[in-house]
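User: Please take a close look at the empty space in this model, both enclosed and open. I would like the lining residues and the elements they come from.

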Amino acid sequence: MKIAVIGLGDIATKAYLPLLSRMAGLELVLCTRNPEKLAKVAEEYRIAQTCCDYRELVDMNLDGVMIHTGSETHAAIASYFLERGIPVFVDKPATLSLADYQKLHDLSEQHSVPLFVGFNRRYIPLWRDLIKREDLLTLSWHKHRFNLPGDPQDYVFDDMIHVIDSLNVQGKLDQQDVQISVQRQGGKISMINLSWEEDGRLYNGQMNRLFGKTCESVSMSFENEACHFNGFLRGEKFEHGKTEVIELADWTDTLASKGFKDMLEDWVNTLKTGWMDEQVKQRNLSTHAFCDSLVKAIR
């Protein structure tokens, strides 16, 4: 199976290529506008086929492309390949507006070609199964940064989208009555808090970019049971008045603990089958729709 990797920034070289290069049955092609970077990465991973213009890739008999360029370029590059019937993996956010995402979604449907969006937090092994439990009562997801207020679009689409999509478990967030609280520093957004009720469950999401440190926490509760995680490796379960430690094995790879390994396996399986779950498609659309409406609401 032949996959092109477009864009060789940190996300591609630190998260994706280390995993892709170890997956059996994959032939990789590299593409970036920087010839020096292209030569260096190709040599490091012993990849023979490269190019500096993504449009050259259509003649290389590809099974799929992965887009890791700047967010503002995603829509144009993804459209180019979807229109030619080539499956696309694109980093989140797939686009910076709902209108652009709707176009990609429609192209994917018209050409029956998968459009896979890289939300690695959907695959976190430590709590992935817990969030799917039918008896879930509350889910809270907080992701904070130190001294980094931002403009609405960058704040929401490039950062808080992690929190938004992680809470959008049923893929219906854009249809919910969400209570939105915002704090500002000057003309910048410093904190956004979201809360809503959906199907009898309570959801809360928050990003504070004037926090004391960069950190992320996830909490969930069930009847007389709760779990709390301050990272991807370890957490605690509270039940019957007792505390139980939940943790991954010591040898667990960092990229596996952050969901990248399982996400890439899902992507490769999608290429093999040519099929994506309808709920996943709806979740992708719903997340981008809500981000778009949130940006408009806080401007």
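Analyst: What follows goes through the cavities, then the pockets, and then one helix contact beside them.

The model is predicted, so local features need pLDDT of at least 70 and side-chain atom pairs count only at pLDDT 80 or more, while totals for chains, interfaces and linings use all residues. Residues are numbered from 1 along each chain as its sequence is written, and side-chain values use heavy atoms, with hydrogens and water left out.

The protein chain contains nine helices and 14 strands (DSSP runs numbered from the N terminus, helices being H or I of at least four residues and strands E of at least two). Its C-alpha trace spans about 60 × 45 × 35 Å along the principal axes. The radius of gyration is 20 Å, which agrees with the value near 19 Å for a compact globule of 299 residues (taken over C-alpha atoms, the globule rule being 2.2 Å times the number of residues to the power 0.38).

Rolling a probe the size of a water molecule over the atoms shows where empty space is left. On a 1 Å grid over the protein atoms alone, a cavity is a set of points where a 1.4 Å probe fits but cannot get out, a pocket is an open set with protein on both sides within 12 Å along at least five of seven lines, and lining residues have an atom within 4 Å of a point. Grid points are joined across faces, edges and corners, and a volume is the space filled by probe spheres set on the points.

Two cavities of 30 Å³ or more turn up in the whole structure. The largest holds about 50 Å³. Its lining consists of Tyr-101, His-105, Ser-108, Glu-109, Leu-115, Met-276, Lys-281 and Asn-284. Helix α4 (98–110) and helix α9 (278–298) each give at least two of these residues, and α4 has the largest share, with four. By class the lining has three nonpolar, three polar and two charged residues (nonpolar: Ala, Val, Leu, Ile, Met, Phe, Trp, Tyr, Cys and Pro; charged: Asp, Glu, Lys and Arg; polar: the others, Gly among them).

The second largest cavity holds about 30 Å³. Around it are Trp-127, Glu-216, Ser-217, Val-218, Phe-229, Asn-230, Gly-231 and Phe-232. Strand β11 (residues 215–222) gives the most to this lining, three residues.

Now the open space. The largest pocket has about 730 Å³. It is lined by 31 residues, and the closest to its centre are Arg-122, Arg-128, Lys-132, Val-280 and Arg-283. Among the elements that each supply at least two lining residues are β6 (115–118), β10 (201–208) and α9. The lining counts 14 nonpolar, seven polar and ten charged residues.

The second largest pocket has about 510 Å³. Of its 26 lining residues, Ile-11, Lys-92, Asn-120, Arg-121 and His-162 lie nearest the centre. Helices α1 and α6 (152–167) each supply at least two, and α6 has the largest share, four residues. Here the classes are eight nonpolar, eight polar and ten charged.

Helix α1 (residues 10–20) also meets helix α8 (residues 260–273): their axes come within 10 Å and cross at roughly 65° (axes are lines fitted to C-alpha atoms, for helices over the stretch in contact, and angles run from 0 to 180 degrees between N-to-C directions). Contact, meaning heavy atoms within 4.5 Å, involves Ile-11, Ala-15, Tyr-16, Leu-19 and Leu-20 of α1 and Phe-260, Lys-261, Met-263 and Leu-264 of α8. These residues divide into eight nonpolar, no polar and one charged.
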